[in-house]
Amino acid sequence: MHTLVTGGAGYIGSHLVDRLVELGHDVVVLDDLSTGNLANLHHAMPNIRFVEGTILDGSTVDSLVADADMVFHLAAAVGVGHIVEKPLSSLITNTKGAENVIEACVRHDAKLLLASTSEIYGKTSKMPMSEDDDRVLGSTTIARWGYSTAKAIDEHLALAYAKQGLRMSIVRYFNSYGPRIDPRGYGSVVANLIRQALKNEPLSVHGDGRQTRCFTFVNDTVEGTLRAALDERGEGLVFNIGDNHETTINDLAQMIVSMIGSRSSIQHVSYEARFGKGFEDTKRRVPDVRRASEVLGFTASTPLKDGLAHTLEWWRATHQ
Ligand SMILES: NC(=O)c1ccc[n+]([C@@H]2O[C@H](COP(=O)([O-])OP(=O)(O)OC[C@H]3O[C@@H](n4cnc5c(N)ncnc54)[C@H](O)[C@@H]3O)[C@@H](O)[C@H]2O)c1
């Protein structure tokens, strides 16, 4: 297959590129390197074509999609910190940029895999979160909800075009972590805690640390993505792609400290101090994984301890 991966120099995108190359597909990457890093693709370069450019440039997107059978759309402004600091450019990238990619897929009859997010569910208290559940969001005056809203517009657009014949599937990722995570990115809690623990600095845990997340090792994130994209039974559907084991941030921090043998203590930092006034967080975030399991035969299988060990190994090898 001829594949296009937008955001392929990013954390998840670069792992997806590696798997696509391994499987023998042609891979073109479009990335503006805003949060991505060419070093993530260094080893893959002989086997792929890299185009530095933005998804906001409709003609570049159009010409690359014209040559693709399958488009993995991962390029986005990612990470709550990023979204809160740059709400306008984030919204533009995540709506207009996505619209360029989706409409080019329609024009050229390319199949689309849209990367969406567990943030879609907002601050719902219904657990686990199932794909057809209601979304519960805060006010538009709170910038973080702009990320969820923009991704929801992308999903609506893809679902509406699917009714007119677009072949597509949507994946909602739940806290992916693994080698190449960037402290600026979505997986920032794992990256930040590892960075601080290795320096024996206090680990900054937001709030009381009792909020939970379901951390998903990147190999599982990529496997779920590929199955949703390539398995015809996934066409037209939305899938949660995540592990369903809940971990509090306090427990995550303690696990990292003990794996490293660090002398760090845990320091609770208020949300306001980190993200400014009026920030809202989600207390729990647990995926309902039944649809991915029943339709795609996909279950995340890497225990947190093993995934963290791989991540630490990579970190030590690349951050000396
Ligand atoms: N990491 C997670 O746990 C997680 C969770 C939910 C959703 N997601 C989604 O997964 C996708 C990948 O996220 P990631 O964690 O790998 O983050 P990332 O920041 O590493 O990857 C995003 C990539 O998109 C590129 N990009 C940004 N704006 C662009 C533009 N205008 N044109 C071209 N490229 C652009 C960046 O340079 C980067 O390489 C995103 O769509 C994100 O919303 C990730």
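Let me start at G261. This glycine comes right after helix α8, and its phi is positive, near 70 degrees. Helices here are DSSP runs of H or I with at least four residues, strands are runs of E with at least two, and both are numbered from the N terminus. What we are looking at is a predicted model, in which local features need pLDDT of at least 70 and side-chain atom pairs count only at pLDDT 80 or more, while totals for chains, interfaces and linings use all residues. Residues are numbered from 1 along each chain as its sequence is written.

Now α8 itself. It has twelve residues, 249-260, and spans 17 Å from its first C-alpha to its last, close to the 16 Å expected at 1.5 Å a residue. The expected span is 1.5 Å times one less than the number of residues.

Which residues of α8 are buried? They are I249, L252, A253 and I256. They lie on the same side of α8, because they cover an arc of only 100 degrees around the axis; the arc is that of the directions from the helix axis to the C-beta atoms. An α-helix has 3.6 residues a turn, so residues three or four places apart point the same way. As for the word buried, it takes 20 or more other C-beta atoms within 10 Å of the residue's own; 12 or fewer makes a residue exposed, in between is partly exposed, and C-beta atoms are placed from the backbone.

What covers those buried residues? The cover includes α6 (188-198), β8 (203-206), β12 (247-248), β13 (266-269) and α11 (304-318).

Next, the start of the chain. Strand β1, residues 2-6, is mostly covered, with four of its five residues buried. β1 pairs with β2, residues 26-31, in the parallel sense over five bridges; pairing requires that DSSP finds at least two bridges between the strands. In that pair, H2 has D26 of β2 as its bridge partner. Between β1 and β2 the chain passes through helix α1, residues 11-22, and this β-α-β crossover is right-handed. Right-handed means that, with the strands pointing away from the viewer, the path from the first strand over the helix to the second runs clockwise.

β1 is also joined to β4, residues 70-73, by four bridges, and these two run parallel. There, L4 has V71 of β4 as its bridge partner.

H73 is also in β4. Is H73 buried or exposed? H73 counts as buried, because it has 30 C-beta neighbours inside 10 Å. Its C-alpha is 5.0 Å from that of T6, although the two are 67 residues apart along the chain. Leaving aside neighbours within four places in sequence, H73 is in contact with T6, A98, V101, L112, L113, L114 and A115. Contact means C-beta atoms, placed from the backbone, within 7 Å.

A second residue to look at is Y147, in helix α5, residues 145-163. Y147 is buried, with 25 other C-beta atoms within 10 Å. With the same neighbours within four places left aside, Y147 is in contact with I83, S90, N94 and E119.

Finally, the whole chain. Its secondary structure comes to eleven helices and 13 strands. The C-alpha atoms fill a box of roughly 55 × 45 × 40 Å along the principal axes. Buried residues make up 45% of the 320 residues. Of the contacts with a separation of 6 or more, 77% are between residues 24 or more positions apart.

Technical notes: Two residues are in contact if their C-beta atoms, placed from the backbone, lie within 7 Å.
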